[in-house]
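Colleague: I am new to this one. Could you walk me through it?

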Amino acid sequence: MINFLTRPCQLLALYARQTGSAVIDHLRGRKLTRERLTAFTAEQRELLGIELHVHRKATLDPAAGPYLFVLLNQNSLAESCIMPEVIPFNFKTFANIGYLFAPFVGWMCWMSGAILVIPGFPLQTRTAVARACEYLRSSPSHAMYMSIEGRRSPDGQLSAYRHGCSRMAIATGATIIPIFLAGAREILPYGDWRIRPGHVHAWIDDPIPTSALGPDSIPALTQHLRSLAEIYVNRTTDSKLPHLSQDST
C-alpha cells in the first residue's frame, strides 16, 4: 500500500512545489523560464515512467530566427508534458484557451507568457494573432510554438490542416520548424486522464524559411507541411521509430 501511494505523493509534492514557486514569481512580475519548465517536465516524466527521445535533423541557432515551431500531429495532452524539452530554447505557446485545463503544465506555460485564443470570439482571436506576430517580429531570437491542426485528434489520424501557421510564418518571416510526435497518444489517450509509462519520440525536421514567400504561397506551404506529416505517419506504422533519424538526444 505504501509503494502504491509513493508515486502519487511524489507527483503532488512536485506539482505543489513547482506551481507554488511559479505563482509567486508570476505575482512578482517575473516570467517563468524555460529552464524551470524543462526541470519540471523532466522530473514529472521520470516519476511517470515516460522516456523521451528527441531526433534532430539540424542544429538551430537561437539568434537566427524568429522561429515558429509547428506540431504536425496533435494527439494527446501528454504533448504539453514534453514539449519544453523538445524545443531547444525559450519559446511562447500559441494555443486554444482549453490548454489551461492541462493541470500544472498548462498553468505554468500560461505563466511563462503563452498567448491564448478563445474559440468563437473573432475579435479576441485577431488580437491574439496580432500579439503573436508582433512578438515574432520583435526579435530574431524569439520563438513561438503552435499546432497546425488546432485540435487533438480523437483517433490518432491527422485532422484537417488550417492555414494559421503558414499565414503567421509568412507574415512575420519566421522560419518554420516542423515537429512530429509518436507515442504520446499511447501514454495518454484522447479523453483519458490516466498517464501510462512508455516512450515518446519527437522528430524535429529541417527548417523551412518563409522570408521570401508571399501570401499566395500560404496554401502550398500548408500542403507541404501536410505531406511531410503523412510521410512520418507512414513511416511510424513500421514500428521502427528509433531508425527514422540518425540524430537522437
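Modeller: One definition to begin with. A polar contact is a pair of N or O atoms within 3.5 Å; within protein, one must be able to donate a hydrogen and the other to accept it. Bear in mind, too, that this is a predicted model.

Colleague: Which backbone nitrogen does the side chain of Asp 155 reach?

Modeller: Start with the place of Asp 155, the loop between β5 and α6. Its side chain makes a polar contact with the side chain of Ser 153, at 2.9 Å. It also reaches a backbone nitrogen at 3.0 Å, that of Gln 157.

Colleague: Is Asp 155 buried, partly exposed or exposed?

Modeller: Buried means under 20% relative accessible area, and exposed means over 50%. Asp 155 has 45% relative accessibility, so it counts as partly exposed.

Colleague: How far apart are the C-alpha atoms of Asp 155 and Arg 185?

Modeller: Along the chain, Asp 155 and Arg 185 are 30 residues apart. In space, their C-alpha atoms are separated by 9.2 Å.

Colleague: How confident is the predictor on average?

Modeller: Of the residues, 79% score a pLDDT of at least 70, and the protein averages 83. Over one stretch the pLDDT is below 50, although this stretch has 22 contacts in the model beyond near neighbours in sequence. That stretch is residues 241–249.

Colleague: How many helices and strands are there, and what share of residues counts as buried?

Modeller: The secondary structure comes to eight helices and seven strands. Take contacts between residues at least 6 apart in sequence: 74% of them join residues at least 24 apart. Of the 249 residues, the share that counts as buried is 49%.

Colleague: Which element gives the largest share of the lining of the largest pocket?

Modeller: The largest pocket has a volume of about 820 Å³. It is lined by 33 residues, with Phe 94, Ala 95, Asn 96, Gly 150 and Arg 151 nearest its centre. The elements that give two or more residues to this lining are α3, β3, α5, β5 and α6. The largest share, five residues, comes from α6.

Colleague: By class, how many residues in that pocket lining are nonpolar, polar and charged?

Modeller: Gly counts as polar in this scheme. The lining of the largest pocket then has five charged, ten polar and 18 nonpolar residues.

Colleague: How many residues of α3 are buried?

Modeller: Helix α3 spans residues 79–86 and gives two or more residues to the lining of the largest pocket. Its buried residues include Glu 79 and Glu 85, along with Ile 82 and Val 86. α3 is mostly covered, and the buried count is eight of its eight residues.

Colleague: Now α6. What covers its buried residues?

Modeller: The buried residues of α6 are Cys 165, Ser 166, Met 168, Ala 169, Ile 170 and Thr 172. Just after α6, Gly 173 takes a positive phi of about 75 degrees. The cover over the buried residues includes β2, β3, α5, β5, β6 and α8.

Colleague: Why does Thr 172 count as buried?

Modeller: Thr 172 lies in helix α6, residues 164–172. A polar atom of its side chain is 2.8 Å from the backbone oxygen of Met 168. Thr 172 counts as buried because its relative accessibility is 11%.

Colleague: Thr 172 touches Pro 66. Which residue does a cis peptide bond join to Pro 66?

Modeller: Pro 66 is found in the loop between β1 and β2. The cis bond has an omega of about 5 degrees, and the residue joined to Pro 66 is Gly 65.

Colleague: With which side chains does the side chain of Asp 205 make polar contacts?

Modeller: Asp 205 lies in the loop between β7 and α8. With a relative accessible area of 8%, Asp 205 is buried. Its side chain makes polar contacts with those of Lys 57, at 3.4 Å, and Tyr 232, at 2.4 Å.

Colleague: Is Arg 194 buried or exposed?

Modeller: Arg 194 sits in the loop between α7 and β7. Leaving aside neighbours within four places in sequence, it is in contact with Ile 187, Leu 188 and Pro 189. Its relative accessible area is 57%, so Arg 194 is exposed.

Conventions:
Residues numbered from 1 in each chain as written. Predicted model: local features only at pLDDT ≥ 70, side-chain atom pairs only at ≥ 80, totals over all residues. Heavy atoms only, no water. Helix = DSSP H or I, 4+ residues; strand = E, 2+ residues; numbered from the N terminus. Buried < 20%, exposed > 50% of the residue type's maximum accessible area, 1.4 Å probe, protein only. Contact = heavy atoms within 4.5 Å. pLDDT = per-residue confidence, 0-100. 1 Å grid on protein atoms, 1.4 Å probe; cavity = no way out; pocket = protein on both sides within 12 Å on 5 of 7 lines; lining within 4 Å. Points joined across faces, edges and corners; volume = space filled by probe spheres on them.
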